[in-house]
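Welcome to a short tour for anyone meeting this structure for the first time. Please take a look at the sequence and the 3D view before reading on.

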Amino acid sequence: MFGVILASIGAFFEELSCTIGKREVKRKEESVYAMGFLNALWGILFFGILIVFFRDIGTMTLYSWRTFLIRVCLSIVQAYLTVNAIAKADRSTFGFIRTGTIPLLLVGDIFFGTYISAYQILGMVIISIGLLYLYKNHGFSKKGTLFVVFSTINAAITIGLYKYNISHGNSVELEQGLGLIALLGFFYFMCRIRTSERPLKLLRNTMLALQSGSVGVASVVESFAYVLAPASIVIAATRSSTVIFSVISGSVYFHEKRISIKIISLIAFVVGIILLGVDR
């Protein structure tokens, strides 16, 4: 249950960051590459604080280095797809389509013998029905959907690798901290060669600083949620909570259409989240 709560809290901060990022890219206050850089920055600082002041430096086994390096490469691709999806797709469409990661991870959890209760499976079924209803009633906008779809599929792989790594000797702090350093380097390079931005100077903008800090909190909270619950349960809670927050932000800040259809699906997601917390 606590893993589900952490995942939902992380989803709130992630949606706050995405909403700010989408608005600031639209206003040309930052590029998608600068958004990716700022998204990685505070996560590194938070994990660094955990390592230095609250935890001994964790160990990464030689066995897990192989899957760690694969995950880092796929995470760079994932981050590039995600920032473009945030910038181009409607917030509610982004939130709903990314729930497709749930059944992919569920198959993986079942394959590896992870215990999942009947209530949790029912919760994911209800969430899937809500998504299907939305699709059948054309509640999706097509803008940026390819980025969202590819990021949804790739997320299942990167999350599965992350769960595997932390279950086989890798500490959460080093696994995520080193991965975020790789992302920071990639997006800084892209900022310099593609848009000539100096992303650190963007932190003078209060809204961009809030965007960066929010996603940093989300990355830490969600990372530890995977320690406490199966990957499919955490991602179901995260994605479903994101839907709730993205429908709200899409309606209030971006004036998206077909909100009534999305609200019906949202109710299914709320019921599904409640069931996800029943692990017996």
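The report below goes from the overall make-up to helices, salt bridges, loops and a surface patch.

## The whole picture

Please keep in mind that this is a predicted model. The protein contains 11 helices and 0 strands, so from the N terminus on its elements read α-α-α-α-α-α-α-α-α-α-α. Of its 280 residues, 57% are buried. Among contacts with a separation of 6 or more, 89% join residues that lie 24 or more positions apart. The accessible surface adds up to about 13200 Å², and carbon and sulfur atoms hold 70% of that area.

## Two helices, end to end

Let us start with helix α7, which covers residues 145-166. With 22 residues at 1.5 Å a residue, α7 should span 32 Å, and the 31 Å between its end C-alpha atoms agrees with that. Helix α7 also has a bend of about 25°, placed at N154.

Helix α8 takes in residues 172-195, 24 residues in total. From the first C-alpha to the last, α8 reaches 33 Å, close to the expected 34 Å.

## Salt bridges

How many salt bridges does a search of the whole structure find? The search finds 3 of them, and here they are with the distance between the closest N and O atoms.

| Salt bridge | Closest N and O atoms |
|---|---|
| R23 and E24 | 3.2 Å |
| E24 and R27 | 3.3 Å |
| R71 and E175 | 2.6 Å |

The pair R71 and E175 has its closest N and O atoms 2.6 Å apart. Because R71 sits in helix α3 and E175 in helix α8, this salt bridge ties together parts that are 104 residues apart in sequence. Both of these partners are buried. Elsewhere, shared partners link R23, E24 and R27 into one network of salt bridges.

E24 has a place in helix α1, residues 2-26. Is E24 buried or exposed? E24 is buried, because its relative accessible area is 2%, under the 20% cut-off. Its two salt-bridge partners are described in another way: R23 counts as partly exposed at 32% relative accessibility, and R27 counts as partly exposed at 48%. Leaving aside neighbours within four places in sequence, E24 touches E29, E30, N205, M207 and L208.

## Two loop residues with positive phi

Most residues other than glycine have a negative phi. With that in mind, K28 is worth a look: its phi is positive, about 60°, although K28 is not a glycine. K28 belongs to the loop between α1 and α2, and K28 is exposed, with a relative accessible area of 73%.

S196 is another residue other than glycine with a positive phi, near 55°. You will find S196 just after α8, in the loop between α8 and α9. At 57% relative accessibility, S196 counts as exposed, because the cut-off for that word is over 50%.

## A lysine in α3

K88 is part of helix α3, residues 62-88. At 42% relative accessibility, K88 counts as partly exposed. Which residues is K88 in contact with, leaving aside its neighbours within four places in sequence? They are K22, K143, G144 and F147. K22 is 66 residues away from K88 along the chain, yet their C-alpha atoms are separated by 8.0 Å.

## A nonpolar patch on the surface

To finish, turn to the outside of the model. L104, L146, V149, F150 and I153 form a nonpolar patch on the surface. Together these residues have about 470 Å² of accessible area. Which helix gives the largest share of the nonpolar patch? Helix α7 does, with 4 residues. L104 is found in helix α5, residues 101-111, and L104 counts as partly exposed at 42% relative accessibility.

Technical notes: Residues are numbered from 1 along each chain as its sequence is written. This is a predicted model: local features need pLDDT of at least 70, side-chain atom pairs count only at pLDDT 80 or more; totals for chains, interfaces and linings use all residues. Side-chain values use heavy atoms; hydrogens and water are left out. Patches are made of residues with over 30% relative accessible area and no salt bridge: like charges are joined within 9 Å, nonpolar side chains (Val, Leu, Ile, Met, Phe, Trp, Tyr) within 5 Å. Accessible areas come from the Shrake-Rupley method with a 1.4 Å probe; for residues, only the protein chains shown count as cover. A salt bridge is a side-chain nitrogen of Lys or Arg within 4 Å of a carboxyl oxygen of Asp or Glu. Buried means under 20% relative accessible area, exposed over 50%, partly exposed in between (1.4 Å probe, protein chains only). The expected span of a helix is 1.5 Å times one less than its number of residues. Contact means heavy atoms within 4.5 Å. The bend at a residue is the angle between axes fitted to the seven residues ending there and the seven starting there.
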